[in-house]
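Work through the following exercises with the sequence and the predicted model at hand. Each task is followed by a solution in steps.

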Amino acid sequence: MLPRGLKYYWICQVMGWTFVVLSMLFFAYSFSPSRIDGRFFVRLFLIFSSGILTTHILRAYIRRSGWLMLPVEKLIPRMAVAILFTSLACSLLLLGLVSVFNVQPDTPRKIEFSTKLLAATLDNGLFIIPWTLIYYIYHYVAKSRKQEVDTLKLEALVKELELKTIKAHINPHFIFNALNSIRALIDENPSRARDAITELSNILRSSMQSEKSETVPLEKELNIVRDYLALEHIRFEDRLQVEYAVDEDTLDQPIPPMMLQTLVENAIKHGIGKQMKGGVVRIVSDFREDYHELLVQNTGRLNGHINGDGFGISSTRNRLQLLFGNKADFSIQESNGNMVEARVKIPVTIP
């Protein structure tokens, strides 16, 4: 059974080209009834078949090339060229079939093939242009509605997972460890203890405010991550090494709030925390082609298993999908034998 969308597409295809040939039949009957004979009906059938075939190929090419996701200013020149080639291909196919079946219309004088091709291309263009406009407008409206639904889903997801998000971002064990570390510092290093309290306060404040916005600049998220790692460094001491490779041009790029902190927390919990000698957490931010690429690398192994149902991974994937659709990507893999790498690719946003 055909999917619902594909079923409607074929219904519209058949009805649209049926309307075209019926219009031709009507005008022929009104103005040139003498032209209506058996060959005329064969030509109508060939027009119907050629139109459906060439526009179906055009649709397949549009979908495969991802044109429906392009902005209008980039789409228009591509569509203009596609319409021209489709009209030309439809004309060549039609003229070829008319010749093969020997159903050429009677003409008082011989017409050159180039003239026939030009006339047929112009005629077919009059049908293919509205076909393309209707097809694009339909998908534009459908995409707009889907974006509205995705926005509502995102809002619902934030509300539904608000408490769970706060609990996940403010790991109770992390808070207890941080407070114990701060207590130990009060006598040994009061100045560092005060700084640690400020860092913990910044993390709590950002986590509480994370549901108020869909994205935040990377720079703001990095500040929270630095506070988090500074607190964890009190606990792990020399076992935790932190490295940054951040392109300054990426600092204003939007990312989901607390996403980077969640990935870093996973790196500490599942990576560094399980290594006797500790290890490295490396944060990389750079541009790759048309994407803003974020990497969180940590010493450790996956041991052939990724907990895709864990809140950190599932929430990251869900939020990226709802905010950026299929344009964003998230993956976790091993690299260099003793490193685990979480990679996030987000479409570049031009401020």
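**Exercise 1.** Locate Ile 137 in the secondary structure, and then name the nonpolar surface patch to which Ile 137 contributes.

*Solution.* Begin with the secondary structure, where Ile 137 is found in helix α4, which covers residues 113–160. Turning next to the surface, one finds that Ile 137 joins Ile 129, Leu 133, Tyr 140 and Val 141 in making a nonpolar patch of about 450 Å². An α-helix has 3.6 residues a turn, so residues three or four places apart point the same way.

**Exercise 2.** Compare the span of helix α1 with its expected value, and list the buried residues of this helix.

*Solution.* Helix α1 runs over residues 4–31 and has 28 residues. From the first C-alpha of α1 to the last, the helix reaches 41 Å, close to the 40 Å expected at 1.5 Å a residue. With buried taken as under 20% relative accessible area, the buried residues of α1 are Tyr 9, Gln 13, Trp 17, Val 20, Val 21 and Ala 28.

**Exercise 3.** Examine the phi angles of Glu 237 and Glu 289, and decide whether Glu 237 and Glu 289 are buried or exposed.

*Solution.* Most residues other than glycine have a negative phi. Glu 237, however, has a positive phi near 50°, and its place is in the loop between α8 (218–236) and β2 (240–246). Glu 289 likewise has a positive phi, of about 55°, and lies in the loop between β4 (279–288) and β5 (291–299). Because exposed means over 50% relative accessible area, Glu 237 counts as exposed at 52%, and Glu 289 counts as exposed at 77%.

Notes. Residues numbered from 1 in each chain as written. Predicted model: local features only at pLDDT ≥ 70, side-chain atom pairs only at ≥ 80, totals over all residues. Heavy atoms only, no water. Patch = residues over 30% accessible without salt bridge, like charges linked within 9 Å, V, L, I, M, F, W, Y side chains within 5 Å. Areas by Shrake-Rupley, 256 points an atom, 1.4 Å probe, with all protein chains shown as cover. Salt bridge = Lys/Arg side-chain N within 4 Å of Asp/Glu carboxyl O. Helix = DSSP H or I, 4+ residues; strand = E, 2+ residues; numbered from the N terminus. Expected span 1.5 Å × (residues − 1). Buried < 20%, exposed > 50% of the residue type's maximum accessible area, 1.4 Å probe, protein only.
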